[in-house]
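Q: Could you take a close look at one spot in this model and work outwards from there? I'd like one connected story and not a list.

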Amino acid sequence: MRVFLIAGELSGDKLGAALMAGLKELVPGVTFDGVGGPGMQAEGLSSRFPMDELSLMGIAEVLPKYFHLKRRIAETAQAVIDTKPDVLITIDSPDFCLRVAKLVKQACDIRTVHYVAPSVWAWRPGRAVKMAKVIDHVLALLPFEPPYMEAAGMECDFVGHPVVAEPVASAAEVAAFRAAHGLGEAPVLLVLPGSRRGEVTRLAPVFGEALQRIMAARPDLRPVLPAAGPVAALVRELTSGWAQQPLILDGADAAEKRAAFGAADVAMAASGTVALELAAAATPMVMAYDFSWLTWQMAKYMVKLDTANLVNLVSETRVVPEYLGPACQPGPIADHVLKLLADPQAQQAAMALTMDRLGRGGEAPGLRAARAVLRGLGQAGQ
């Protein structure tokens, strides 16, 4: 069996690597071709070009590379057409991957699978219909996504979210973390202002003032801030003037970050996928995000949901508070953190339900994804 895979970012590379491992377990002798990063290469892929050529975000980054990317799209599609794999699996990065799939489908009938369903339940529902013209089968991370994809004309399997396969800190690791940083038995507040320069710049002043208010009411708290590697220097700069100084960690140390999440009693975090990391650690959260005025005006009309938080969506509750756009203010954020410290049970129950619905305790998502791919090909695997 021959499989051609394309991933354009590190998150996709992780999904691809787990899927490849699952296919190798089920189909001895399977071979791989395509584009991927270090994880996929470790599983046996010789990437046709460096994956980081595709890891671009924003118009300012993409425009200078536009013609190069167009060449890469054409070149990758031709490689698929020439090598005639049993299946083409594209992983997230829809701007690149779906253009490749379109060219492939125009030339031949190779089966196409896309891993990570577009968030049509949140905005731009028409994307699914367009995608169905070039994609046969979707592997979804969220349990409520298959009906949206199937309604557009594609097969779709929920295969589990990768967060359920990520390690969480043990009690011994949490104890060692507390001892290493002199935290004792003090309650811990995680401060998570994001991993991108724009969000950190916008949230740091809000979180700094909110932290001051929280500490005035709960001076026993110890604030801890794992700084994401790309913005670590900026985080240190922006927090240097805070009245309450947090313990700043090197967020690139994955084990220490896990231990911090496990030690925390509550978190104040930028809205995003970190919600699932916190849910996996059973850490109650208050989410916040600020936007430019123009982005907020557009979001109000484009987004179809009343929540952006995946714990709220998957658990079908609204127990995680979100302070977005104009509501992103220090006072309400601080008040809700204090309420959660006093009564975290409802959120903890929703987080446990979320992890169960995302596949915790079941077969690993990569293996489930591999089984879904094989079923689509009419093969059962082992």
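A: Let's start at Val274, which touches Leu192, Phe261, Ala269 and Met287, once residues up to four places away in sequence are set aside. Keep in mind that this is a predicted model. Val274 is found in helix α12, residues 274-280. Its relative accessible area is 16%, so it counts as buried, the cut-off being under 20%. For a sense of distance, take Pro332: Val274 and Pro332 are 58 residues apart in sequence, and their C-alpha atoms are 21 Å apart in space.

Now for the contacts of Val274 one by one. Leu192 belongs to β7, which covers 188-192. Phe261 falls within helix α11, residues 254-263. Ala269 is part of β10 (residues 266-270), while Met287 is part of β11 (residues 285-289). So those contacts of Val274 take us straight to the sheet and to a helix that lies across part of it.

The sheet itself is open and has six strands, running in the order β9-β8-β7-β10-β11-β12 with parallel pairing. At the edges sit β9 (247-250) and β12 (322-324), each of which pairs on one side only. On average, neighbouring strands here are turned by 20 degrees against each other, ignoring direction. Strands of a sheet pair through backbone hydrogen bonds, either parallel or antiparallel. Zooming in on β10 and β11, you'll find that they pair in the parallel sense over four bridges. Met268 has Val286 of β11 as its bridge partner.

What about the helices? Helix α10 (residues 232-239) packs on the sheet, touching β8 (222-227) and β9, and its direction makes about 145 degrees with that of β8. Helix α11, the one holding Phe261, lies across β7, β8 and β9 and runs at about 125 degrees to β7.

Back on β11, Met285 is worth a stop. Leaving aside neighbours within four places in sequence, its contacts include Ala267, Ala275, Leu278, Ala279, Asn309, Val311, Val320, Pro321, Leu340, Gln347 and Met351. Ala275, Leu278 and Ala279 all come from α12, the helix of Val274. Met285 also shows up among the residues with the most contacts inside the largest nonpolar core, together with Leu5, Leu19, Ile89, Tyr115, Leu190, Leu278 and no others on that list. That core has 64 residues. Apart from it lies another core of 33 residues, among them Val191, Phe207, Val231 and Ala288. In soluble globular proteins, nonpolar side chains tend to be buried together.

Moving on to charged pairs, the whole structure has 16 salt bridges. Side chains of opposite charge can pair when their charged atoms come close. One such pair is Glu75 with Arg72, at 2.6 Å from N to O. These two are three residues apart in helix α4 (residues 66-83), which means about one helical turn separates them. Glu75 is partly exposed at 39% relative accessibility, whereas Arg72 is buried at 14%. The pair isn't on its own, either: salt bridges that share partners join Glu53, Arg72 and Glu75 into one network.

Asp136 and Lys105 make another salt bridge, 2.8 Å from N to O. This one links distant parts of the chain, with Asp136 in the loop between α6 (126-131) and β5 (137-140) and Lys105 in helix α5 (residues 94-107), 31 residues apart. Asp136 is partly exposed at 24% relative accessibility, and Lys105 is buried at 19%. Arg218 pairs with Asp220, their closest N and O atoms being 2.9 Å apart. Here Arg218 is partly exposed at 27%, and Asp220 is partly exposed at 36%.

Last stop: the loop between β3 (87-91) and α5, where you'll find Asp92. Though not a glycine, Asp92 has a positive phi of about 50 degrees. Ser93 lies in that loop between β3 and α5 too, and although not a glycine, Ser93 has a positive phi of about 35 degrees. Asp92 is partly exposed, with a relative accessible area of 27%, but Ser93 is buried at 12%.

Conventions. Residues are numbered from 1 along each chain as its sequence is written. This is a predicted model: local features need pLDDT of at least 70, side-chain atom pairs count only at pLDDT 80 or more; totals for chains, interfaces and linings use all residues. Side-chain values use heavy atoms; hydrogens and water are left out. Two strands pair if DSSP finds at least two bridges between them. Axes are lines fitted to C-alpha atoms, for helices over the stretch in contact, and angles run from 0 to 180 degrees between N-to-C directions. Contact means heavy atoms within 4.5 Å. A salt bridge is a side-chain nitrogen of Lys or Arg within 4 Å of a carboxyl oxygen of Asp or Glu. Buried means under 20% relative accessible area, exposed over 50%, partly exposed in between (1.4 Å probe, protein chains only). A nonpolar core is a set of buried Ala, Val, Leu, Ile, Met, Phe, Trp, Tyr and Cys residues joined through side-chain atoms within 4.5 Å.
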